[in-house]
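Thank you all for coming, and let me take a few minutes to walk you through one structure, going from strands to salt bridges, then to the core and the surface. Please have the sequence and the picture in view as I talk.

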Amino acid sequence: MYQLLLTRKYLTSKIMPLLAAIAVVLCTAMVLITWSVMGGFLKNLVKSGRTMIGDVAIVWPNVGFAHYEDLIEMLEADPMIEAACPMIESYGLAHLPGDRTELVVIKGVDGPSFDRVTGYAETLYWKPLAAPHPKDKQQRDWRNRSHGLWQQKYRDGLGLKEYDANTDRQVGAAVLGIEVSGYNIRELWGGYTPGVVVVPQPDGTTRDVQVLMFDETITLNLLALDGSGRTVDTKTRKIPVANEFQSGLYDIDKQTVIVNLDVVQDMLNMDQAERIDPDGQDDPFRVVIDPVTGLESLAAGPAMLIDPARVTTVLVRGVDSEGDPRLLAERCREIYATFAAKHARVPPAENIRISTWEDQNRTLISAVKKETGLVLFIFSFISLTAVILVLAIFWSMVSEKTKDVGVLRSIGASRSGVAMIWISYGLAIGLMGSLLGGALAYAIVLNINPIHDWMGEALGLTIWDPRVYYFVEIPNEVESDKAAIVMLGGVLSSVVGAMIPAIRAACLSPVRALRFE
């Protein structure tokens with residue numbers, strides 16, 4: 001009981017313990033704020049990386065595999081799988097307005113089914129907004145105007161088709177990553193506005209032209225490859241741009257062009273077509289000579305068969321978005337094995353490449369995880385100053401209260417009882433400092449974007465520039481498990497800092513303590 005009474009007395013009568021508590025508050029808040037922001041950044045990065053690829057990808061590059069509709073049907077019948085969609089992934093050259101040519105990654109997809117697997121619709125940039133963005137205080141966002149136009153662009157982008165007035169029908173279209181053209185200007189509030197380019201005129205003058213990529217046409221050049229990677233054909237086609245997308249990952253937005261699946265299948269010779277059946281007859285090109293006319297002709301028309309359409313990839317989305325993607329990949333491999341046994345001309349199950357979204361983004365995610373861990377280690381190391389500060393303050397207090405310790409020991413207090421006074425003291429300071437530090441961190445993280453905006457307006461200090469960081473807002477979520485770990489660390493730091501002074505007090509001789517001047 002006397003330990004609690006003395007702890008309460010020291011806490012309420014001395015200013016020095018409050019300094020130790022403030023150190024614990026600041027260290028707890030610093031570590032928790034850093035962890036929450038960096039953890040939120042990693043979380044957004046993972047979410048963005050998962051947006052365009054689903055949970056699992058079944059891949060056979062170059063020539064692709066046929067009967068993918070049957071595979072998708074088998075996959076979607078499994079209770080672990082929510083949806084699957086076909087895709088062709090290849091490289092190509094995109095000729096852009098302004099006589100610029102870019103090497104890009106071509107993803108041939110069916111828009112609606114691609115959206116069910118990847119959340120593609122959410123990435124379409126030119127679409128009507130329900131409300132202006134909070135950072136767009138000058139209302140410069142084009143998407144807040146002409147909602148009818150943006151609604152049409154959204155539908156065109158989702159369906160990857162656009163109305164062609166010349167043919168009076170819908171034609172396959174493309175959706176570019178928002179950074180592919182280089183004509184969109186990233187504003188300070190984080191959004192984009194179409195840029196203006198200077199076009200030379202025949203008379204030597206120049207003219208400013210605003211480039212609206214969602215109304216332009218691009219020229220795609222694709223190479224059809226055979227199974228060994230050799231070029232068998234080159235196709236060039238003009239394709240209208242229906243919209244642009246923003247995934248949240250700069251590399252994807254800079255290099256990717258999404259195109260209607262039918263267009264890409266046709267350009268890469270992967271659409272359904274008739275071909276000669278190699279098993280139809282021994283020599284389908286046997287020539288005979290007409291005895292009357294002397295003209296040569298084929299003995300008989302070669303046997304033909306229907307070569308089904310092919311894709312290089314089937315993307316899969318699991319029912320449990322938080323589940324282990326490796327389990328889903330294993331289930332996909334089992335289903336593919338059944339599919340391969342059913343169709344003779346598809347790649348065997350042991351050769352097909354099945355990877356999770358983590359496998360495809362491993363380099364990027366690992367780099368951010370290591371950076372987060374390094375920053376946390378540095379800040380945790382700095383937080384050791386709280387331990388040193390508690391130790392120094394308690395050491396000083398033990399020296400100041402030496403006679404009090406001598407009195408306690410002379411009236412029968414045990415060594416452990418004396419030590420517990422200082423450990424309880426450190427525990428009380430740790431609890432108070434950790435709780436206040438956690439509350440301070442929660443308040444700062446929750447309001448970190450308004451605080452950052454105020455710093456920019458009042459002090460001209462912009463740390464999180466949306467033009468540099470791809471996410472418009474600073475992550476502002478505090479996870480309860482991380483908060484509990486940091487606050488527990490703050491309490492333990494205080495107790496550890498109090499232990500050495502507590503041992504010193506417990507080891508004091510009552511006689512020498514009473515004679516201490």
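I would like to begin with Ser-90, which has its place in strand β3, the strand covering residues 81-96. Before going further, I should say that what you are looking at is a predicted model. Is Ser-90 buried or exposed? Its relative accessibility is 17%, and because the limit for calling a residue buried is under 20%, Ser-90 counts as buried. If we leave aside the neighbours within four places in sequence, Ser-90 is in contact with Val-104, Val-105, Ile-106 and Leu-268.

Next to consider are the salt bridges. As background for those who are new to this, side chains of opposite charge can pair when their charged atoms come close. How many salt bridges does a search of the whole structure find? The search finds 14, and I will take you through a few of them.

In one of these, Lys-107 is paired with Glu-89, and their closest N and O atoms are 3.0 Å apart. This pair links distant parts of the chain, since Lys-107 belongs to strand β4 (residues 100-109) and Glu-89 to strand β3, with their positions 18 residues apart in the numbering, that is, 18 residues apart. The two partners are also placed in different accessibility classes: Lys-107, at 7% relative accessibility, counts as buried, whereas Glu-89 is partly exposed, with a relative accessible area of 39%.

Another salt bridge joins Lys-153 to Asp-215, and here too the closest N and O atoms are 3.0 Å apart. Lys-153 lies in helix α6 (residues 147-159), while Asp-215 is in the loop between β11 (206-210) and β12 (217-225), so this pair ties together parts that are 62 residues apart in sequence. Lys-153 itself counts as buried, at 5% relative accessibility.

Please now turn to Arg-331 and Glu-334, which form a salt bridge whose closest N and O atoms are 2.8 Å apart. Both residues lie in helix α9 (residues 325-342), and they are three residues apart, which is about one turn of the helix. Arg-331 is partly exposed, with a relative accessible area of 27%, and Glu-334 is partly exposed as well, with a value of 46%. The two are also part of a network of salt bridges that links Asp-78, Arg-331 and Glu-334.

Helix α9 leads us to the inside of the protein. Which residues have the most contacts inside the largest nonpolar core? That core has 49 residues, and the ones with the most contacts inside it are Ile-58, Leu-75, Val-314 and Val-316. Helix α9 gives the most to this core, with seven residues. To take one of those four, Ile-58 touches a list of residues that includes Phe-65, Leu-71, Leu-75, Val-314, Cys-332 and Tyr-336, once residues up to four places away in sequence are not counted. Apart from this core lies another, of 25 residues, among them Val-46, Val-109, Phe-114 and Trp-357.

Let us look at backbone angles for a moment. Most residues other than glycine have a negative phi, and most peptide bonds are trans. Leu-160, although it is not a glycine, has a positive phi of about 55°; this residue lies in the loop between α6 and β5, and it is buried, with a relative accessible area of 0%. Asn-269 is another residue other than glycine with a positive phi, near 60°, and its place is in the loop between α8 (261-267) and β15 (273-276). In contrast to Leu-160, Asn-269 counts as partly exposed, at 34% relative accessibility.

Strand β5 (residues 161-164) runs antiparallel to strand β6 (residues 169-172), and four bridges join them. Lys-161 stands opposite Gly-172 in β6. The two strands form a hairpin with four residues between them, and in the turn Asp-168 has a positive phi of about 55°.

Finally, the surface. Leu-374, Phe-377, Ile-378, Phe-381, Ile-382 and Leu-384 make a nonpolar surface patch of about 610 Å², and helix α11 (residues 362-382) supplies the largest share of this patch, five residues. One of its residues, Ile-378, is found in helix α11 and is partly exposed, with a relative accessible area of 42%.

Note on methods
Residues are numbered from 1 along each chain as its sequence is written. This is a predicted model: local features need pLDDT of at least 70, side-chain atom pairs count only at pLDDT 80 or more; totals for chains, interfaces and linings use all residues. Side-chain values use heavy atoms; hydrogens and water are left out. Patches are made of residues with over 30% relative accessible area and no salt bridge: like charges are joined within 9 Å, nonpolar side chains (Val, Leu, Ile, Met, Phe, Trp, Tyr) within 5 Å. Accessible areas come from the Shrake-Rupley method with a 1.4 Å probe; for residues, only the protein chains shown count as cover. A salt bridge is a side-chain nitrogen of Lys or Arg within 4 Å of a carboxyl oxygen of Asp or Glu. Buried means under 20% relative accessible area, exposed over 50%, partly exposed in between (1.4 Å probe, protein chains only). Two strands pair if DSSP finds at least two bridges between them. Contact means heavy atoms within 4.5 Å. A nonpolar core is a set of buried Ala, Val, Leu, Ile, Met, Phe, Trp, Tyr and Cys residues joined through side-chain atoms within 4.5 Å.
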